[in-house]
Amino acid sequence: FETLAAITAEEASRPVSATCATIAAQVEHTRFYLDLVADHMEGKDAGKVDWGEIWRTVSAVTPDEWAASKARLEVSYRRVVDIIKTRAWDDEDALFDAFGVLAHTAYHLGEIRQATCTVKARG
């Protein structure tokens, strides 16, 4: 969240390249993933998931949209953390979920930090 706090809506809206997503899309994808994992950990079936929708639809954001996106991400993050704190760790699925969250979100945080260097340099 410290990384995202330093990114403006304008910067979050700039694609890193012609073939790369915006930071806004990275944040929304990460939020989407966290919500799906939380639902799974709570035993809810997500049904068919369109993993590409966010990449196709999220690009430019207004300051209000950017603030809302960051707020949604934090709510999703806190939800997952709360679930993880209450899980029984003798369950293989719980470990799989926790390590999946760690790896996937760490990857996207790395993408966001790399993108930040690029979008701030072009600003």
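**Note on an all-helix predicted model**

1. The side chains of R56 and D50 form a salt bridge, at 2.5 Å from N to O. The term means a side-chain nitrogen of Lys or Arg within 4 Å of a carboxyl oxygen of Asp or Glu. R56 is exposed, with a relative accessible area of 58%. D50 is partly exposed at 37% relative accessibility. Here buried means under 20% relative accessible area, exposed over 50%, and partly exposed in between (1.4 Å probe, protein chains only).

2. Salt bridges with shared partners tie E28, R31, D35, D39, E42, K44, R72 and R79 into one network. The count of salt bridges by this rule is 10. As background, side chains of opposite charge can pair when their charged atoms come close.

3. Basis of the model: this is a predicted model, where local features need pLDDT of at least 70, side-chain atom pairs count only at pLDDT 80 or more, and totals for chains, interfaces and linings use all residues. Residues are numbered from 1 along each chain as its sequence is written, and side-chain values use heavy atoms, with hydrogens and water left out.

4. Confidence: pLDDT is the predictor's confidence in each residue, from 0 to 100. The protein chain averages 89. At least 70 is reached by 98% of the residues. Among the elements, helix 2 (residues 9-12) has the highest mean pLDDT, 95. Helix 6 has the lowest, 82.

5. Fold: the protein chain has six helices and zero strands. Both kinds of element are DSSP runs, numbered from the N terminus: helices are H or I with at least four residues, strands are E with at least two. The order along the sequence is α-α-α-α-α-α. The radius of gyration is 15 Å, close to the 14 Å that the globule rule gives for 123 residues, so the chain is as compact as a globular protein of that length. The radius is taken over C-alpha atoms, and the rule is 2.2 Å times the number of residues to the power 0.38. The C-alpha atoms fill a box of roughly 50 × 30 × 25 Å along the principal axes.

6. Packing: buried residues make up 36% of the 123 residues. Take contacts (heavy atoms within 4.5 Å). Of those between residues at least 6 apart in sequence, 78% join residues at least 24 apart. One long-range pair of positions is D64 and A9: 55 residues apart along the chain, their C-alpha atoms are separated by 8.3 Å. D64 sits in helix 5 and is exposed, at 67% relative accessibility.

7. Helix 3 (residues 23-41) holds both R31 and E28, three residues apart, about one turn of the helix. Their side chains meet in a salt bridge of 2.8 Å, N to O. Both residues are buried.

8. D35 and R79 also pair, at 3.9 Å from N to O. This salt bridge links distant parts of the chain: D35 is in helix 3, R79 in helix 5, 44 residues apart. R79 is partly exposed, with a relative accessible area of 24%.

9. Surface: the accessible surface comes to about 7,500 Å², of which 57% belongs to carbon and sulfur atoms. Areas come from the Shrake-Rupley method with a 1.4 Å probe; for residues, only the protein chains shown count as cover.

10. W89, L95, F99 and L102 make a nonpolar surface patch of about 420 Å². Patches take residues with over 30% relative accessible area and no salt bridge; like charges are joined within 9 Å, nonpolar side chains (Val, Leu, Ile, Met, Phe, Trp, Tyr) within 5 Å. W89 lies in the loop between helix 5 (63-86) and helix 6 (92-122). W89 is partly exposed, at 38% relative accessible area.
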